[in-house]
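Dear colleague,

I am handing over the structure that follows, and beneath it you will find an account of how its helices pack and of one of its pockets. Please read the two side by side.

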Amino acid sequence: MIQLSHIVQTLLPLFYSGTLFFYVLIYFKKEEKLWKYASPFMLATFVIHTFLIYSKSVMYGRCLVYNLFESMTLISFTIILMYMFIERLTKEKSIGMFFVLLALLFQTLSDVFSPLEKLDLAEVSKLFNPFVGAYVSALIICYTAFTVSALYSVLYLSLIHISEPTRPY
């Protein structure tokens, strides 16, 4: 299980990069035929990420919220989960590039620095309570919702800035 978890952890940024490739082509080329490939590729990335979180949780015997880089992988997971939900509701795929890029950034940082940070079990053994893990997981979901709304705000402000004629003040 440990080796499979390491293989999946290595492959996950590649799947995020492939998903980003589809959404970049959709954003810049605006080709309708690519739309049918982007969502299944994102779903495959999501399933692989789900397997990674499950395998690491089973391997460590706890939730993945006890250090910064474990939390980053959960943040990237919830960003993709929320974007998939938004995409399903709105049927709009043109802004997926920004969300996948953000998730790729968090996941890559998590993969690069996660092996370097050692968890002091004596220090955090009191925190291995499942209620603490559920609480921190709920906080991560809330922070992700805040991040998604902030990204939508930035996209909206940039759209206004682009579409609005310059005003002399």
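How are H3 and H4 oriented to each other? They are roughly antiparallel, a term that applies because the angle is over 145 degrees, and the axes of H3 and helix H4 (residues 96–113) cross at roughly 160° and come within 8 Å. Axes here are lines fitted to C-alpha atoms, for helices over the stretch in contact, with angles running from 0 to 180 degrees between N-to-C directions, and helices are DSSP runs (H or I, at least four residues) numbered from the N terminus.

Before going further, please note that this is a predicted model, in which local features need pLDDT of at least 70 and side-chain atom pairs count only at pLDDT 80 or more, while totals for chains, interfaces and linings use all residues. Residues are numbered from 1 along each chain as its sequence is written, and side-chain values use heavy atoms, with hydrogens and water left out.

**Helix packing**

H3 passes H4 in a left-handed crossing (the near helix is turned anticlockwise from the far one by less than a right angle). In their contact, meaning heavy atoms within 4.5 Å, the H3 residues include Phe-69, Met-72 and Ile-79, and those of H4 include Phe-99, Leu-102 and Phe-113. The residues of this contact between H3 and H4 divide into 13 nonpolar, five polar and no charged (Ala, Val, Leu, Ile, Met, Phe, Trp, Tyr, Cys and Pro count as nonpolar, Asp, Glu, Lys and Arg as charged, and the others, Gly among them, as polar).

Helix H1 (residues 2–29) packs on H2 at an angle of about 155°, with the axes 9 Å apart, and H1 and H2 are therefore roughly antiparallel to each other. Their crossing is left-handed, and the contact of H1 with H2 has 18 nonpolar, eight polar and one charged residues.

The axes of H2 and H3 come within 10 Å and cross at roughly 145°, again in a left-handed crossing. Among the residues that meet there are Phe-46 and His-49 in H2 and Phe-77 and Leu-81 in H3.

**The second largest pocket**

Helix H2 (35–60) and helix H3 (68–90) each supply at least two residues of the lining of the second largest pocket, and the lining residues include Tyr-23, Pro-40, Arg-88 and Lys-93. By class, this lining has six nonpolar, one polar and four charged residues.

Best regards

How values were computed:
On a 1 Å grid over the protein atoms alone, a cavity is a set of points where a 1.4 Å probe fits but cannot get out, and a pocket is an open set with protein on both sides within 12 Å along at least five of seven lines; lining residues have an atom within 4 Å of a point. Angles under 35 degrees count as roughly parallel, over 145 as roughly antiparallel, 65 to 115 as roughly perpendicular and the rest as oblique.
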